Structures are given as C-alpha cells and as structure tokens.
Protein chains: 2
Amino acid sequence: MKLVPQDIEARFRRHAVRVTRQRAAIYAALVETTSHPSAEDLYRMVKRQQPMMSRNTVYYTLGVLRNAGLVREVNVGHDMARYDGNVRMHHHLICLGCGQIMDVMDDDLNQLQLSSGQARGFDVVGHRVEFHGYCVSCQQAERNVSPRRT
Amino acid sequence: MKLVPQDIEARFRRHAVRVTRQRAAIYAALVETTSHPSAEDLYRMVKRQQPMMSRNTVYYTLGVLRNAGLVREVNVGHDMARYDGNVRMHHHLICLGCGQIMDVMDDDLNQLQLSSGQARGFDVVGHRVEFHGYCVSCQQAERNVSPRRT
DNA sequence: TGCTATGTAGGAATCATTCCTGTCTAGTGA
DNA sequence: TCACTAGACAGGAATGATTCCTACATAGCA
C-alpha cells in the first residue's frame, strides 16, 4: 500500500508518535511491502534513501512504533524478528521452504475462542494462528529437483 | 510425566536415536516438566546430575531429538527458543506477564483449516495456535499493585 | 584389538539485539 | 532571536543465545 507523507503524519499524530524523517521512512518501507521484513532488511531498504541512517535508529523506531500500536512483530522460528505494518487482526501462512510470510484475513480465525475448561482462569487478550507449508514456487522447485518418473 | 530409563531407550530406538547418558538425561528432564524450558534451563537442570555436561551437548542433543521428532521447539517472541517434550498435536496458552506456557489440547483447534481461497496454492502441512493473556497469579499480582477502591 | 563414525566438552566465533554516550534537533518560553 | 530542555539519532561497545571448530572419548563393527 502506497502512502503519501500526509497519511503517515496523520497516523503518527493519531498514535502520539512524533514525526521525523527517519521514522516516516522506516514506517513507509514497512507498510509499502507485504514481505514482513526484518529490522536488518528495513535498515538496508531505508539506508538507500538516507545513507546516514543508523541500524540503531531502526531498532529504536521499531520499538516506538510497536509500543504505539502502529506495527506488529512477527516471529518465525527463533531467528530474527520480522515486522508487519498491517495491524488489523489477521494471521499468517508461512513457507517452510523460503521463509516467505503471507497474510491471512479470515473472520472465523479471528473469532477463535478457548473453551473455559482449557482457559484455566487465564484472561485471554488475543491469539494468533500460523499455517505452515510450502508455497507454489517451493513446490515447483522441489518437483524439479526430484522429477517423477513417467 | 515420569519416565523410567527403559521407556526412554525404547522411544530413542523407535526414532533411530542412539542412546547415551547425556541424551537420556536431557530428554527425561524435558518430558518430566510441563514448563517448556529453554536450552539454558535444561542445561542447568541436567548439570546438577551430570556436572561435566556441556552447554554445547544440550544444544546438539536438542537438535538431534528435534530432527528425530522426539521434541518440539516453541517460540515466544524472538527471545530464546523453548522446548516441549510433548509432540502430540497441541497448542499453547502464553502468559504475557510471566512468560509461562501452558498446553492446550483441543480437537477443534487441531482440525482448523484454511479455505482454499486463502491457501493460494500453499501445500499446508501444519498449523499452530497461540492464545495470549494473563495467568491467574499475574492477574492477582496486578490487583495487588493497583487495588480497586471500594 | 584396531578402525571408523559419532558423541561430547570446551572455547572461540557469530550475529541479532540492546546498552551507553555524545551530539543533534524540534519545540517552548522569554 | 536566543537559551533551555526533552527526546531523537548515530556510532560503537556490550550482551547473550546459538553455532562453529577442534580435540578427545566412546560405541559398534570387522
């Protein structure tokens, strides 16, 4: 989703986040991609436009934006954190081959609940669903590596 | 769940995992707790019985057991990996206060599926559901910190 | 018993992330 | 316009979980 600077400023102000050039660039890069980039990815993306950008600022800004509810952290495995500029409730489809993460918007999943017996007194405030599998390209790659005999 | 050495050996053999003293101790510690310990936790637990145990052996062994399908890795946030000796299909309830992870066994959750429209050609091989909230003790602690006026 | 593959220990290396410190900048009031 | 202050930024050092490397130990097999 392409954002104009005014959109970004409006969102920042709505969430009481001070607007700076660095923050706007980081947020724009995140919202304009569907690839759920890592902090390092974002650093490289933004550094092209702003060569003085520090890796540290990316981490700091992601922390600010996350606390403000403007971005979400997504975790796959225990390796580096990845970020999502889409904060509407949704879930993920993760490719075990290439690590690609795709969004899943599905009301039935959004409304999942735990039976009270299972909840054991927990005050449940949210949930996430992840589907794991292989994307179309990884399935094709796999077929090319080990072609079926005919 | 308390396991006798014979149980462990039988499981290892069934999964073609060579049996050693170190591996048996690590696996036993993991299966006998419900706390989803980290590698470091396991290292400390096992080191009490086997002071020569290396942290490295814990990581190596967890890798072997995971590849064999005897243990599962659970990730909460992007911090250290935590392990689960329960490999039957189940999901998790995670306390945002203390980090405690509890198992949820629920057939409805196990059978969740993605509509074909959402799957976009993915070959889905599994899924996980995480519920987030606050456990009973964290709710009580919170009430004690900010008591309600009557 | 010797050979070979695999397991183990310990230390070094890696890498994402956080911490620390000094500098910069925007906003405010005089 | 100027000084003051809080927060933002850059850069480097530090941290900590994990992996890599190497040498030694052990189990299984000929």
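Start with how the two protein chains relate in this predicted model. Two copies of a chain are related by a rotation about an axis and a shift along it. Here, turning chain B by 180 degrees, with 0.0 Å of shift along the axis, lays it onto chain A with an RMSD of 0.1 Å. The two copies are thus related as by a two-fold rotation axis. To find that axis from chain B, look for V129(B): its C-alpha comes closest of the residues of chain B, at 2.3 Å. Both copies also use the same surface, since 100% of the contact residues of chain B recur in chain A.

Now zoom in on a pair of helices within chain B. Two packed helices are described by the angle between their axes and the distance between the axes. For α2(B), residues 21-31, and α4(B), the axes come within 10 Å and cross at roughly 75 degrees. That angle falls between 65 and 115 degrees, so α2(B) counts as roughly perpendicular to α4(B). On the α2(B) side, the contact is made by Q22(B), R23(B), I26(B) and Y27(B), while α4(B) brings T57(B), V58(B), T61(B) and L65(B). By class, that contact has 4 nonpolar, 3 polar and 1 charged residues.

Next, over to the DNA. Strand D has 20 residues around it, and the closest are T20(A), S54(A) and T57(A) from chain A plus M80(B) and A81(B) from chain B. The elements giving two or more residues to this surface are α2 and α4 of chain A, along with α3 and α4 of chain B. α4(A) gives the most, with 4 residues. Sorted by class, the surface near strand D has 9 polar, 7 nonpolar and 4 charged residues.

Note on methods
Residues numbered from 1 in each chain as written. Chains lettered and ligands numbered in written order. Predicted model: local features only at pLDDT ≥ 70, side-chain atom pairs only at ≥ 80, totals over all residues. Near = placed C-beta within 6 Å. Nonpolar A, V, L, I, M, F, W, Y, C, P; charged D, E, K, R; others polar. Axes fitted to C-alpha atoms, helices over the stretch in contact; angles between N-to-C directions. Parallel < 35°, antiparallel > 145°, perpendicular 65-115°, else oblique. Contact = placed C-beta atoms within 7 Å. Least-squares fit on C-alpha atoms with pLDDT ≥ 70 in both.
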